[in-house]
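This report is meant for a reader who is meeting the structure for the first time. Please look over the sequence and the model before reading on.

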Amino acid sequence: DPNSAYYDPKTRSMRDNPYKNSNKASEELSFAGDNFVRYTGDTQKIADAQLFAWQAYEKGVDVHLQAEPTKAELLNKEFLSKEEEFRHSMKDSILEKYGGAEHLQMPPKELVFAQTEEYVEYSRHGEVIRGAEKPVIRSKYEEHVLINNHTSVWGSYWKDFQWGYKCCHSFIKNSYCTGASGKEVQVVSGSAMLMPAKLMGAPPADDAAHAEAKAQEETPAVQDLPPTLKEQQDESPPVVAAGTVSSEKANKKKKKKYKKARKEKPVKRESSSSSDSEESDAKAERERKKR
(Lines give C-alpha, C1' and ligand atoms only; values in the text may rest on other atoms or scores of the structure.)
Protein backbone atom coordinates (compact mmCIF):
# COMPACT_ATOMS: atom_id res chain seq x y z
CA ASP A 1 0.00 0.00 0.00
CA PRO A 2 1.76 3.24 -1.07
CA ASN A 3 -0.43 5.31 1.27
CA SER A 4 0.53 3.21 4.28
CA ALA A 5 2.96 4.21 7.04
CA TYR A 6 6.47 5.24 6.09
CA TYR A 7 9.14 2.57 6.30
CA ASP A 8 12.69 3.74 7.00
CA PRO A 9 15.06 1.28 5.28
CA LYS A 10 18.14 2.63 7.04
CA THR A 11 16.89 1.87 10.56
CA ARG A 12 14.51 -0.87 9.36
CA SER A 13 11.63 0.61 11.31
CA MET A 14 8.03 1.63 10.64
CA ARG A 15 7.10 4.03 13.40
CA ASP A 16 3.54 4.80 12.40
CA ASN A 17 0.63 2.33 12.44
CA PRO A 18 0.10 0.90 8.94
CA TYR A 19 -3.49 -0.15 9.82
CA LYS A 20 -4.69 3.14 11.29
CA ASN A 21 -7.36 3.49 8.56
CA SER A 22 -8.80 0.02 9.23
CA ASN A 23 -10.83 1.18 12.28
CA LYS A 24 -9.32 -1.55 14.48
CA ALA A 25 -7.86 -1.23 17.93
CA SER A 26 -4.14 -1.69 18.40
CA GLU A 27 -4.77 -4.76 20.59
CA GLU A 28 -6.48 -6.54 17.68
CA LEU A 29 -3.56 -6.05 15.29
CA SER A 30 -0.49 -8.22 14.99
CA PHE A 31 1.66 -5.13 14.30
CA ALA A 32 0.73 -1.56 15.21
CA GLY A 33 3.98 0.22 14.41
CA ASP A 34 7.19 0.70 16.33
CA ASN A 35 5.73 3.66 18.23
CA PHE A 36 3.34 1.24 19.88
CA VAL A 37 6.25 -0.17 21.89
CA ARG A 38 6.89 3.24 23.44
CA TYR A 39 3.52 3.21 25.20
CA THR A 40 3.47 -0.36 26.52
CA GLY A 41 4.95 -2.04 29.58
CA ASP A 42 6.82 0.12 32.11
CA THR A 43 7.67 2.87 29.64
CA GLN A 44 4.59 4.85 30.69
CA LYS A 45 5.52 4.52 34.39
CA ILE A 46 9.05 5.75 33.73
CA ALA A 47 7.70 8.72 31.79
CA ASP A 48 5.33 9.61 34.66
CA ALA A 49 8.17 9.32 37.19
CA GLN A 50 10.37 11.61 35.09
CA LEU A 51 7.56 14.15 34.78
CA PHE A 52 7.01 14.10 38.56
CA ALA A 53 10.75 14.63 39.20
CA TRP A 54 10.80 17.65 36.90
CA GLN A 55 7.71 19.19 38.49
CA ALA A 56 9.04 18.58 42.02
CA TYR A 57 12.39 20.14 41.14
CA GLU A 58 10.62 23.23 39.80
CA LYS A 59 8.80 23.59 43.14
CA GLY A 60 12.02 23.45 45.16
CA VAL A 61 12.40 19.72 45.95
CA ASP A 62 15.93 18.44 45.37
CA VAL A 63 15.25 15.18 43.49
CA HIS A 64 16.69 13.57 40.37
CA LEU A 65 15.32 10.39 38.77
CA GLN A 66 18.64 9.04 37.46
CA ALA A 67 20.78 10.09 40.45
CA GLU A 68 18.29 9.16 43.21
CA PRO A 69 15.67 6.76 41.80
CA THR A 70 14.63 5.41 45.23
CA LYS A 71 14.01 8.87 46.64
CA ALA A 72 11.99 9.87 43.57
CA GLU A 73 9.87 6.69 43.81
CA LEU A 74 9.08 7.23 47.51
CA LEU A 75 8.18 10.88 46.97
CA ASN A 76 5.91 9.93 44.07
CA LYS A 77 4.06 7.30 46.17
CA GLU A 78 3.62 9.75 49.04
CA PHE A 79 2.30 12.41 46.66
CA LEU A 80 -0.23 10.02 45.07
CA SER A 81 -1.53 8.79 48.45
CA LYS A 82 -2.02 12.35 49.74
CA GLU A 83 -3.75 13.33 46.50
CA GLU A 84 -6.17 10.40 46.84
CA GLU A 85 -6.94 11.31 50.47
CA PHE A 86 -7.57 14.91 49.48
CA ARG A 87 -10.05 13.85 46.79
CA HIS A 88 -11.99 11.66 49.24
CA SER A 89 -12.08 14.41 51.85
CA MET A 90 -13.38 16.92 49.29
CA LYS A 91 -16.08 14.47 48.15
CA ASP A 92 -17.21 13.74 51.71
CA SER A 93 -17.33 17.42 52.64
CA ILE A 94 -19.49 18.26 49.61
CA LEU A 95 -21.91 15.39 50.36
CA GLU A 96 -22.20 16.45 54.00
CA LYS A 97 -22.94 20.04 53.04
CA TYR A 98 -25.33 19.52 50.11
CA GLY A 99 -26.43 15.88 50.49
CA GLY A 100 -27.35 13.56 47.61
CA ALA A 101 -25.36 10.46 48.60
CA GLU A 102 -28.37 8.26 47.77
CA HIS A 103 -28.13 9.25 44.12
CA LEU A 104 -24.58 7.92 43.90
CA GLN A 105 -25.67 4.43 44.99
CA MET A 106 -27.29 3.48 41.70
CA PRO A 107 -27.89 -0.08 40.51
CA PRO A 108 -26.04 -1.30 37.43
CA LYS A 109 -27.21 -0.21 34.01
CA GLU A 110 -28.48 -3.70 33.21
CA LEU A 111 -31.09 -3.41 35.97
CA VAL A 112 -31.94 0.22 35.24
CA PHE A 113 -32.83 -0.38 31.60
CA ALA A 114 -33.90 -4.02 32.17
CA GLN A 115 -32.01 -5.22 29.13
CA THR A 116 -28.52 -6.39 28.25
CA GLU A 117 -26.59 -7.49 25.21
CA GLU A 118 -25.45 -10.72 26.85
CA TYR A 119 -27.07 -13.76 25.27
CA VAL A 120 -27.81 -16.73 27.53
CA GLU A 121 -29.64 -19.85 26.35
CA TYR A 122 -31.32 -22.21 28.81
CA SER A 123 -32.71 -25.71 28.38
CA ARG A 124 -36.22 -26.78 29.38
CA HIS A 125 -34.77 -28.04 32.67
CA GLY A 126 -33.24 -24.66 33.54
CA GLU A 127 -29.63 -25.57 32.72
CA VAL A 128 -27.36 -23.11 30.92
CA ILE A 129 -26.52 -24.34 27.42
CA ARG A 130 -24.59 -21.36 26.11
CA GLY A 131 -23.93 -17.83 27.25
CA ALA A 132 -21.96 -15.95 29.88
CA GLU A 133 -22.76 -18.39 32.69
CA LYS A 134 -20.82 -21.55 31.95
CA PRO A 135 -22.20 -24.83 33.28
CA VAL A 136 -20.34 -26.29 36.25
CA ILE A 137 -18.29 -29.35 35.32
CA ARG A 138 -18.97 -32.10 37.82
CA SER A 139 -17.09 -35.32 38.42
CA LYS A 140 -18.51 -38.69 37.44
CA TYR A 141 -17.83 -39.90 40.99
CA GLU A 142 -20.16 -39.17 43.88
CA GLU A 143 -18.92 -36.31 46.04
CA HIS A 144 -19.48 -35.64 49.75
CA VAL A 145 -21.06 -39.06 50.34
CA LEU A 146 -20.46 -40.24 53.93
CA ILE A 147 -20.85 -43.95 54.76
CA ASN A 148 -20.53 -46.17 57.85
CA ASN A 149 -21.00 -43.34 60.34
CA HIS A 150 -17.96 -41.43 58.98
CA THR A 151 -17.93 -37.63 59.18
CA SER A 152 -15.23 -37.28 56.49
CA VAL A 153 -14.63 -38.87 53.12
CA TRP A 154 -12.02 -41.46 52.20
CA GLY A 155 -8.71 -39.81 51.37
CA SER A 156 -9.04 -36.92 53.82
CA TYR A 157 -6.20 -38.32 55.98
CA TRP A 158 -2.62 -39.20 54.96
CA LYS A 159 0.14 -40.80 57.01
CA ASP A 160 3.04 -43.16 56.28
CA PHE A 161 2.17 -43.34 52.56
CA GLN A 162 -1.41 -44.47 53.28
CA TRP A 163 -4.78 -42.81 52.75
CA GLY A 164 -7.53 -42.97 55.34
CA TYR A 165 -10.39 -41.23 57.11
CA LYS A 166 -9.71 -38.02 59.02
CA CYS A 167 -12.50 -38.58 61.54
CA CYS A 168 -11.07 -41.82 63.01
CA HIS A 169 -7.61 -42.13 61.35
CA SER A 170 -8.57 -45.49 59.87
CA PHE A 171 -6.58 -46.75 56.87
CA ILE A 172 -9.13 -49.43 55.88
CA LYS A 173 -11.55 -48.34 53.18
CA ASN A 174 -15.28 -48.88 53.79
CA SER A 175 -14.58 -49.59 57.47
CA TYR A 176 -16.88 -48.51 60.29
CA CYS A 177 -16.00 -45.24 62.00
CA THR A 178 -14.59 -45.56 65.53
CA GLY A 179 -14.42 -41.82 66.18
CA ALA A 180 -12.11 -40.41 68.84
CA SER A 181 -11.33 -43.87 70.24
CA GLY A 182 -9.60 -44.80 66.99
CA LYS A 183 -7.38 -41.73 67.25
CA GLU A 184 -6.49 -42.58 70.86
CA VAL A 185 -5.53 -46.13 69.90
CA GLN A 186 -3.28 -44.82 67.16
CA VAL A 187 -1.59 -42.38 69.54
CA VAL A 188 -0.94 -45.16 72.07
CA SER A 189 0.19 -47.88 69.69
CA GLY A 190 1.77 -45.61 67.09
CA SER A 191 0.06 -47.36 64.20
CA ALA A 192 -3.69 -47.82 64.65
CA MET A 193 -5.69 -50.07 62.34
CA LEU A 194 -2.84 -50.78 59.95
CA MET A 195 -3.39 -52.97 56.92
CA PRO A 196 -2.62 -56.72 57.25
CA ALA A 197 0.87 -57.94 56.43
CA LYS A 198 -0.33 -60.07 53.50
CA LEU A 199 -1.96 -57.06 51.83
CA MET A 200 1.17 -54.97 52.37
CA GLY A 201 3.32 -57.64 50.69
CA ALA A 202 5.33 -58.69 53.79
CA PRO A 203 5.35 -62.44 54.73
CA PRO A 204 3.76 -63.36 58.08
CA ALA A 205 5.94 -64.25 61.04
CA ASP A 206 4.73 -67.90 61.12
CA ASP A 207 5.62 -68.44 57.45
CA ALA A 208 9.08 -66.94 57.94
CA ALA A 209 9.80 -69.20 60.96
CA HIS A 210 8.55 -72.25 59.05
CA ALA A 211 10.81 -71.43 56.09
CA GLU A 212 13.86 -71.06 58.36
CA ALA A 213 13.16 -74.42 60.06
CA LYS A 214 12.75 -76.12 56.70
CA ALA A 215 16.05 -74.68 55.45
CA GLN A 216 17.84 -75.96 58.56
CA GLU A 217 16.40 -79.46 58.05
CA GLU A 218 17.52 -79.58 54.42
CA THR A 219 21.12 -78.60 55.22
CA PRO A 220 22.98 -81.65 56.69
CA ALA A 221 24.49 -81.15 60.13
CA VAL A 222 28.23 -81.65 60.61
CA GLN A 223 27.75 -84.01 63.58
CA ASP A 224 25.67 -86.51 61.56
CA LEU A 225 28.30 -86.87 58.85
CA PRO A 226 30.99 -89.59 58.94
CA PRO A 227 34.43 -88.68 60.33
CA THR A 228 35.95 -88.60 56.86
CA LEU A 229 33.42 -85.99 55.69
CA LYS A 230 33.91 -83.96 58.87
CA GLU A 231 37.60 -83.72 58.14
CA GLN A 232 36.85 -82.70 54.56
CA GLN A 233 34.55 -79.88 55.74
CA ASP A 234 37.01 -78.66 58.37
CA GLU A 235 39.90 -78.62 55.96
CA SER A 236 40.15 -75.86 53.41
CA PRO A 237 39.33 -76.86 49.82
CA PRO A 238 42.41 -77.88 47.84
CA VAL A 239 43.70 -75.45 45.27
CA VAL A 240 43.35 -76.89 41.77
CA ALA A 241 46.11 -75.87 39.39
CA ALA A 242 45.28 -74.64 35.94
CA GLY A 243 45.09 -77.42 33.35
CA THR A 244 44.83 -80.34 35.85
CA VAL A 245 41.29 -81.21 36.91
CA SER A 246 38.19 -79.18 36.18
CA SER A 247 35.72 -78.07 38.84
CA GLU A 248 33.04 -80.50 37.59
CA LYS A 249 35.33 -83.51 38.01
CA ALA A 250 36.30 -82.38 41.50
CA ASN A 251 32.63 -82.14 42.48
CA LYS A 252 31.96 -85.63 41.09
CA LYS A 253 34.86 -87.05 43.13
CA LYS A 254 33.53 -85.43 46.30
CA LYS A 255 30.09 -86.93 45.68
CA LYS A 256 31.59 -90.41 45.16
CA LYS A 257 33.59 -90.15 48.40
CA TYR A 258 30.46 -89.06 50.27
CA LYS A 259 28.48 -92.04 48.93
CA LYS A 260 31.27 -94.51 49.81
CA ALA A 261 31.49 -93.14 53.33
CA ARG A 262 27.73 -93.49 53.77
CA LYS A 263 27.87 -97.11 52.56
CA GLU A 264 30.90 -98.10 54.67
CA LYS A 265 29.43 -96.73 57.87
CA PRO A 266 26.70 -99.40 58.42
CA VAL A 267 29.10 -102.20 57.28
CA LYS A 268 31.55 -101.32 60.02
CA ARG A 269 28.78 -101.42 62.57
CA GLU A 270 27.69 -104.90 61.40
CA SER A 271 31.27 -106.26 61.51
CA SER A 272 31.78 -104.90 65.01
CA SER A 273 28.50 -106.41 66.18
CA SER A 274 29.36 -109.84 64.65
CA SER A 275 32.80 -109.87 66.33
CA ASP A 276 31.19 -109.08 69.68
CA SER A 277 28.72 -111.94 69.28
CA GLU A 278 31.53 -114.41 68.43
CA GLU A 279 33.50 -113.40 71.50
CA SER A 280 30.45 -113.85 73.73
CA ASP A 281 29.82 -117.34 72.26
CA ALA A 282 33.44 -118.35 72.86
CA LYS A 283 33.25 -117.21 76.48
CA ALA A 284 30.05 -119.20 77.01
CA GLU A 285 31.64 -122.40 75.64
CA ARG A 286 34.70 -121.97 77.89
CA GLU A 287 32.50 -121.64 80.96
CA ARG A 288 30.60 -124.82 80.00
CA LYS A 289 33.84 -126.79 79.62
CA LYS A 290 35.10 -125.63 83.01
CA ARG A 291 31.90 -126.79 84.65
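## Overall architecture

Helices and strands are here DSSP runs, a helix having at least four residues and a strand at least two, and both are numbered from the N terminus. On that basis the chain of this predicted model has nine helices and four strands. Followed from the N terminus, the elements run α-α-α-α-β-β-β-β-α-α-α-α-α, an order in which the strands follow one another between two runs of helices.

## Burial, contacts and surface

The chain has 291 residues, of which 13% count as buried, that is, they have a relative accessible area under 20%. Among the contacts in the chain with a separation of 6 or more, 17% are accounted for by residues that are 24 or more positions apart.

The area that the chain exposes comes to about 25,900 Å², and carbon and sulfur atoms supply 54% of that area.

## Salt bridges

General chemistry gives the background to this section: side chains of opposite charge can pair when their charged atoms come close. How many salt bridges does the structure hold? There are three salt bridges in the structure, and they are described here in the order of the sequence.

Glu68 and Lys71 meet through their side chains in a salt bridge with an N to O distance of 3.8 Å. Glu68 counts as partly exposed at 34% relative accessibility, and Lys71 is likewise partly exposed, with a relative accessible area of 35%.

Helix α2, which covers residues 69-98, contains Glu78 and Lys82, whose side chains meet in a salt bridge at 3.3 Å, N to O. Because Glu78 and Lys82 are four residues apart in this helix, about one helical turn separates them. Glu78 is partly exposed, at 40% relative accessibility.

Helix α2 also holds Arg87 and Glu83, again four residues apart and thus about one turn of the helix. Arg87 forms a salt bridge with Glu83, and their closest N and O atoms are 3.1 Å apart. Arg87 is exposed, with a relative accessible area of 53%, whereas Glu83 counts as partly exposed at 30% relative accessibility.

## A patch of negative charge

Which residues gather in a patch of negative charge on the surface? The patch is made up of Glu278, Glu279, Asp281 and Glu285. Of these residues, Glu279 has its place in helix α9, which spans residues 247-290. Glu279 is partly exposed, with a relative accessible area of 49%, and this value satisfies the requirement of over 30% for residues that make up a patch.

How values were computed. Residues are numbered from 1 along each chain as its sequence is written. This is a predicted model: local features need pLDDT of at least 70, side-chain atom pairs count only at pLDDT 80 or more; totals for chains, interfaces and linings use all residues. Side-chain values use heavy atoms; hydrogens and water are left out. Buried means under 20% relative accessible area, exposed over 50%, partly exposed in between (1.4 Å probe, protein chains only). Contact means heavy atoms within 4.5 Å. Accessible areas come from the Shrake-Rupley method with a 1.4 Å probe; for residues, only the protein chains shown count as cover. Patches are made of residues with over 30% relative accessible area and no salt bridge: like charges are joined within 9 Å, nonpolar side chains (Val, Leu, Ile, Met, Phe, Trp, Tyr) within 5 Å. A salt bridge is a side-chain nitrogen of Lys or Arg within 4 Å of a carboxyl oxygen of Asp or Glu. Lys and Arg count as positive and Asp and Glu as negative; His and the chain ends are not counted. The place of a charge is taken as NZ of Lys, CZ of Arg, CG of Asp or CD of Glu.
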